[in-house]
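Here are my notes on this model, as numbered points. Please read them with the structure open.

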Amino acid sequence: MPQAVAGPEIERLIQLLARMPGLGPRSARRAALQLIKKRDTLLGPLADAMRVAADRIIVCTSCGNVDTSDPCTICRDAERDPTTLVVVEDVSDLWALERSGAVKARYHVLGGVLSALDGVRPEHLNLASLVERVARPEVTEVILALNATVDGQTTAHYVTESIRHCGVKVTRLAHGVPVGGELDYLDEGTLSAAIRSRTAF
């Protein structure tokens, strides 16, 4: 086991940073050192922001997004299309779609996907409130923006069956060749999906 090079407070900072996605022990040490070097301009303000976030961040009871208000900023936005509901697995997916600016609809965060392997069953997901929302008369389309994995597709089928009685149009994101992608670099699954989902030119 490597010997500690700093006091327990700094070692704890490094260990906590190393738990972040994309940060291993080395990256965590570099990040911690950068924070320490810029204590006044970075470490202090970051600590304050994290304290405020821990106190104020809540989950929107309507869509499942995280914000400092309930309903969240997106749910309160009067310019959003109330007829379309975009179903996503996680808040990170919601944020990714928002960054793209491709859709100006309302969202519903499931909080995961069905997975027999991980023991995730329908009751573990935010499905009951989804069915309630889809049953509202203003909703006419549900866009399933779930990952193109086995669990994502299983969840998409389950959601489709759960809301079938509501009589809304159910669509999903297109799968296939990404913009700027070269066929030679794509995997067989992506190419197969692209062929199956081909459209008129």
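1. Start with Glu11. This residue sits in helix α1, which spans residues 8-18. The model is a predicted one. Glu11 has a relative accessibility of 12% and is therefore buried, the limit for that class being under 20%. The side chain of Glu11 has a partner: a polar contact of 3.4 Å joins it to the side chain of Arg29.

2. Next, the largest pocket. Its volume comes to about 330 Å³. The lining consists of Leu13, Leu16, Leu17, Met20, Leu35, Leu43, Leu46, Ala47, Met50 and Arg51. By class, nine of these residues are nonpolar, none is polar and one is charged. Which helix gives the most to this lining? That is α3, with five residues. Helix α3 covers 39-56, and both α1 and α3 supply at least two residues each.

3. The second largest pocket holds about 250 Å³ of space. Its lining counts 14 residues; Gln153, Ala156, His157, Arg172 and His175 lie nearest the centre. Three elements give two or more residues each: α7 (150-163), β6 (169-172) and α8 (188-196). Helix α7 gives the most, with five. The class split is five nonpolar, five polar and four charged residues. Set that beside the lining of the largest pocket, which has nine nonpolar residues and one charged.

4. Now the enclosed space. How many cavities of 30 Å³ or more does a search of the whole structure find? The search finds one. The volume of the largest cavity is about 40 Å³. Leu144, Leu146, Gln153, Ala156, Arg172 and His175 form its lining. Three of the lining residues are nonpolar, two are polar and one is charged. Compare the names with those of point 3. Gln153, Ala156, Arg172 and His175 line the largest cavity, and these four are also among the residues nearest the centre of the second largest pocket.

5. On cysteines: the structure has zero disulfides. Cys63 is in none, and the nearest cysteine sulfur, that of Cys75, lies 3.6 Å away. Why does this pair not count? A disulfide needs its two sulfur atoms within 2.5 Å, so the 3.6 Å between Cys63 and Cys75 does not qualify. Cys63 has a relative accessible area of 1%, so this residue is buried. Cys166 is in no disulfide either; the nearest cysteine sulfur to Cys166 is again that of Cys75, at 18 Å.

6. Salt bridges deserve a look. Side chains of opposite charge can pair when their charged atoms come close. A search of the whole structure finds seven salt bridges. Asp77 and Arg80 form one of them, at 3.4 Å from N to O. Are these two residues buried or exposed? Asp77 and Arg80 are both buried.

7. Arg80 has another partner. Glu98 forms a salt bridge with Arg80, with the closest N and O atoms 2.6 Å apart. This pair links distant parts of the chain, 18 residues apart. Glu98 belongs to helix α5 (residues 91-100), while Arg80 is in the loop between α4 (73-76) and β3 (81-88). The two ends are not equally covered. Arg80 has a relative accessible area of 5%, so Arg80 is buried. Glu98 reaches 25% and therefore counts as partly exposed.

8. Follow the chain of pairs further. Which residues are linked with Arg80 in a network of salt bridges? They are Asp77, Glu98 and Lys104.

9. For contrast, take Glu161 and Arg164. Their side chains meet in a salt bridge of 2.5 Å, N to O. Both Glu161 and Arg164 are exposed, whereas Asp77 and Arg80 are buried.

10. Last, Gly112. This residue lies in the loop between β4 (105-109) and α6 (128-134). Is Gly112 buried or exposed? At 14% relative accessibility, Gly112 is below the 20% limit, so this loop residue is buried. Gly112 and Ala28 are 84 residues apart in sequence. In space, the two C-alpha atoms are 27 Å apart.

Methods. Residues are numbered from 1 along each chain as its sequence is written. This is a predicted model: local features need pLDDT of at least 70, side-chain atom pairs count only at pLDDT 80 or more; totals for chains, interfaces and linings use all residues. Side-chain values use heavy atoms; hydrogens and water are left out. Helices (H or I, at least four residues) and strands (E, at least two) are DSSP runs, numbered from the N terminus. Buried means under 20% relative accessible area, exposed over 50%, partly exposed in between (1.4 Å probe, protein chains only). A polar contact is a pair of N or O atoms within 3.5 Å; within protein, one must be able to donate a hydrogen and the other to accept it, and residues adjacent in sequence count only if both atoms are side-chain atoms. On a 1 Å grid over the protein atoms alone, a cavity is a set of points where a 1.4 Å probe fits but cannot get out, and a pocket is an open set with protein on both sides within 12 Å along at least five of seven lines; lining residues have an atom within 4 Å of a point. Grid points are joined across faces, edges and corners, and a volume is the space filled by probe spheres set on the points. Ala, Val, Leu, Ile, Met, Phe, Trp, Tyr, Cys and Pro count as nonpolar, Asp, Glu, Lys and Arg as charged, and the others, Gly among them, as polar. A salt bridge is a side-chain nitrogen of Lys or Arg within 4 Å of a carboxyl oxygen of Asp or Glu.
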